[in-house]
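Good morning, and thank you for the time. I should like to present one model to the group, and I ask you to keep it in view while I speak.

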Amino acid sequence: MKILIVGSGGREHAIAYACSKSPKVDKIYCAPGNAGISELAECVPISAMEFDRLADFAAEKEIDLTVIGMDDPLVGGIVDLFEARGLRVFGPRKNAAILEGSKAFSKDLMKKYNIPTAAYETFTSADDAKKYLETSEYPIVLKADGLALGKGVLICNIKEEALAGVDELMLDKKFGDAGNTIVIEEFMTGREVSVLSFVDGNTIKIMSSAQDHKRAKDGDEGLNTGGMGNFSPSPFYTEEVDDFCKKHIYQATVDAMKAEGREFKGVIFFGLMLTPKGPKVLEYNARFGDPEAQVVLPRLKNDIIDVFNACIDGTLDKIDLQFEDKACVCVILASDGYPLAYEKGKIITGLDNFKGKDGYYCFHAGTKFDDNGNIVTNGGRVLGITAKGDTLKEARANAYAATEWVDFENKYMRHDIGKAIENMD
């Protein structure tokens, strides 16, 4: 088979790695890809939002399966275009990707179908939102309705912060049109857990749980980011939690989308809050998480091509989804200054140290080749240093040891990824 992966980050590198392990795959392309992905795939200089060019390429190269990694093209309707061209593609259609594309839609869906989530209100007027905040309880959460690179969520402890947040989202357009509509919801307390799933329109199969670290600095301080590290599985995702979510959240979401005429095929990412009153949905994503994919896919025992095909063909009920009974930890190496201002073009050294080391992975997020053939930094999140272990404690120690194998100027990371669970094995 010939495979095309659309995207350029650590998630797409993890997908390429999983595809490369399949005996069915002869050739992988990635558009646009990055320096690390180029070791597994032929990178193609077409951006993820150039739908027609991507479809032309897939047709010309007789691609057997295209996998869409990123949210923007999914929400924009790339799957619909590929299907209209008779091209086989993995990912939800536009009318299903709205599950991530509009927080207002997803909140309304949960309300309609009694899927547990935080109480909320939706606003298209800044003045109306501010009036609502005058009598709200705090802390409170403000969310941009549209896509905002995982950063369009503001947790406001006092009214003044919330009022300023409305200005930031709706008037200053910090996240562009994503803030034209905002959702204001109650602040939920508890542990946050991420759960990825494969869906074929009817059947849902749950992958391993994971736990993200969104804040830029140790101790969950600093600004929200796309994710500074991750571990899997989460010790807080118990059998009791799993049973509740299977009964009230997972299948209920798939059935709700089908009832709305929005059959979902692809990956649903459930962002959950384990509250004192039980698990509730924080958010949905319509694709693999990043860096969740980096800690989940290395433990997948199935041939991922079989799983992708089953999702497309509606035969996921025939797949026995299995994961290694190991833990996995990912530590993001970022450019100092991320998520605000940071420098690019810094030469990365030590990447060869990962070659031949079983259970260790270096997933490239923001890298490229410079004019001299050096691999250099090309983003805020640069590398996802990932390692397995028999326990979370062991996996964490392995991942942090491996962060010393590579270096670049202005290298920055959190030092407490998974620290809270180190003694829970």
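I shall speak about two helices and then about one domain interface.

This is a predicted model: local features need pLDDT of at least 70, side-chain atom pairs count only at pLDDT 80 or more, and totals for chains, interfaces and linings use all residues. Residues are numbered from 1 along each chain as its sequence is written, and side-chain values use heavy atoms, with hydrogens and water left out.

Helices (H or I, at least four residues) and strands (E, at least two) are DSSP runs, numbered from the N terminus. Buried means under 20% relative accessible area, exposed over 50%, and partly exposed in between (1.4 Å probe, protein chains only).

Let us take helix 6 first. Seven of the 10 residues of helix 6 (residues 103–112) are buried, so the rest of the structure largely encloses it. Among the buried residues are Phe-105, Leu-109 and Met-110. After helix 6 comes Asn-114, with a positive phi near 55°.

In helix 7 (residues 126–134), Ala-126, Ala-129 and Leu-133 are buried. Seen down the axis, these fall within an arc of 60° (taken from the directions from the helix axis to the C-beta atoms), so they line one face of the helix. The face turned away carries the exposed residues Asp-127 and Lys-131.

Finally, the interface of domain 2 (119–186) and domain 3 (191–318); domain bounds come from an automatic or database domain assignment. Eight residues of domain 2 are in contact (heavy atoms within 4.5 Å) with seven of domain 3.
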